[in-house]
Amino acid sequence: MQSAPLIRARVVHAMTVPFTVQLVAAPGTGAERFDVLADRAAERIKAWLDRAETAFSPFREDSLVGRARIGDWKALLDHPDFAEVHMLAKQAERLTDGHFSATHAGVYDPTGLVKGWAVERAHGLFLMPLIRSGEVAAAALGGGGDIQTAVGNDSDFVWRVGVGDPHDDGRTLRTISLRNGGVATSGTSKRGEHITRTAHDLAQATVVDDHLTFADMWATAAVAAGERTFRTLIDRHREHRVMAVLVRADRTVAEIE
Amino acid sequence: MNANATKTLIAVVAGLAVIGDAFLLFVKPHLGNGTAGSRSVASGAIGGSSPSPSSGTASSEAADSGSALRDGTYTSVATPNEYGEVQLQVTVSGGAITDIAAIAYPNHTNRSQAVSAQAIPQLIDRAISAQSARIQYVSGATETSTAFANSLQDAINQSLNAGK
């Protein structure tokens, strides 16, 4: 009775990164209808990510971030998303004792948080409704190492995310299984992320959290702070059961479960 | 006329939907002067095309949107998440935001615990295991658009789409 589920993948390019949308069909959803759902979801996600990039790009003077950098913070009152990202950035700085920072070279730069936040938000806006409708059993969105997953209550599907090997593009080092949650990876070479490092013992950090925004923040903090400090930081939040796969500079791998 | 009424209704409902949807609203200048007390500024998601005409409450407010901000201290509605609550306090002086302060509360409060408890139910299904070929996603630090073709994720996507 159990057959392999029907999965469709769509790729959209936004924020200089390829994003992969994956949908798992619910038992009653035909292939043709399913393709339409996947195409439509990808289209909407692409449009939304493009607008997010326009709003949050630190490189455009006319973006909300660009204006904030020259002292015009009016967007805090006008744009709930801008205000939300700013609050999350403040919260991230506190949670990580400043190892995550939204200030780069003296000016506001929430880039390190925006992509994870945008993926989580786009997933909530465009993929969760498909699960709730019953036509889709599970749905995930990932790009640039940041992935948000979800599975409907009626499905026993489990998402499996490979942790990339920073020293070999074609290889994975571990597999993370999860249903609902976020997986984020930070490394020394992640694009657009300005990490001020106080330790250099980690080559890469992959973190699993309920929410991708926080997984992303923890991964950035891990690379910046080093393994010892990172373990201390997440120890304060044991109740959240943050999981991590750390690749050390000496290429050994540590797991935190 | 009927059509007009319907239009108004739609506008009101849409406005309410936006407010309900907006993650955060700034409210209640502490140094409120008259009507400013209920001023809240909300736009939709970042999709909002133009600097949003105040989508909120009273139509009289739409008139002054776009003009200089009223002086005072605005506090955002708390936004609870799994790690606590954060509020922003914004000081407007001379029509411009002159100070931004963040107030954070750890999630000791019942409210945020309830939020994090109901947010994502299936925590226990998570595990880290040995490397496997049967994956849907790769989480790594190097993937960019230029390097995507022939990447591991690209190969996985193609094989998934090839499955019937």
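**Exercise 1. In this predicted model, find the residue of S2(A) that Ala14(A) stands opposite, and describe the hairpin around that pair.**

Start at the pair itself: Ala14(A) stands opposite Val17(A) in S2(A). Next, look at the turn. Two residues lie between S1(A) and S2(A) in this hairpin, and Met15(A) adopts a positive phi near 55°. Then follow the ladder away from the turn: Val11(A) has Thr20(A) as its bridge partner in S2(A). Finally, take the pairing as a whole. S1(A) and S2(A), the latter spanning residues 17–25, are antiparallel and joined over eight bridges.

**Exercise 2. Place S1(A) in its sheet, and decide whether S1(A) is largely enclosed or left open by the rest of the structure.**

First, write down the strand order. The open sheet of chain A has eight strands, S1-S2-S5-S6-S9-S10-S11-S12, with antiparallel pairing. Second, find the ends: S1 (7–14) and S12 (253–256) of chain A are the edge strands, each pairing on one side only. The twist from one strand to the next averages 10°.

Third, see what covers the strands. Helix H1 of chain A (residues 31–56) lies across S1, S2 and S5 (136–143) of that chain, and runs at about 25° to S1(A). Last, check burial. Six of the eight residues of S1(A) are buried, so S1(A) is largely enclosed by the rest of the structure. An edge strand on paper, then, but a largely enclosed one in the model.

**Exercise 3. Work out how strands of chains A and B join in one sheet, and which strands stand at its edges.**

Begin with the order: S6(B)-S8(A)-S7(A)-S7(B), four strands in an open sheet with mixed pairing. Now find the edges. S6 and S7 of chain B each have a single partner strand, so one side of each is left without a neighbour in the sheet. Here the twist averages 40° from one strand to the next.

Then zoom in on a pairing between the chains. S7(A), residues 159–165, runs parallel to S7(B), and three bridges join them. Two of the partners in S7(B) can be named: Tyr137(B) for Val161(A), and Val138(B) for Gly162(A).

**Exercise 4. Describe the side of chain B that touches chain A: which elements contribute, and what kinds of residues?**

Count the participants to begin with: 57 residues of chain B and 77 residues of chain A take part in the contact. Next, list the elements of chain B that give two or more residues: strands S2 (72–76), S4 (84–93), S5 (96–105), S6 (127–130) and S7 (137–139), together with helix H4 (152–162). The largest share, five residues, belongs to H4(B). Then sort the chain B side by character, which gives 32 nonpolar, 20 polar and five charged residues.

**Exercise 5. Decide where in chain B the confidence is lowest and where it is highest.**

Take the overall scores first: ipTM is 0.93 and pTM is 0.81 for the model. Chain B itself has an average pLDDT of 62, with 45% of the residues scoring at least 70. Now go element by element. Helix H2(B), residues 59–64, has the lowest confidence, with a mean of 36, whereas S7(B) has the highest, at 94.

Finally, mark the weak stretches. Residues 31–66 of chain B stay under 50, and the model has 57 contacts for them beyond four places in sequence. Residues 114–118 of chain B are also below 50, with three contacts beyond near neighbours in sequence. Where pLDDT is low, predicted coordinates should not be read in detail.

Key
Residues numbered from 1 in each chain as written. Chains lettered and ligands numbered in written order. Predicted model: local features only at pLDDT ≥ 70, side-chain atom pairs only at ≥ 80, totals over all residues. Nonpolar A, V, L, I, M, F, W, Y, C, P; charged D, E, K, R; others polar. Pairing = 2+ DSSP bridges. Axes fitted to C-alpha atoms, helices over the stretch in contact; angles between N-to-C directions. Contact = placed C-beta atoms within 7 Å. Buried ≥ 20, exposed ≤ 12 C-beta atoms within 10 Å, placed from the backbone. pLDDT = per-residue confidence, 0-100.
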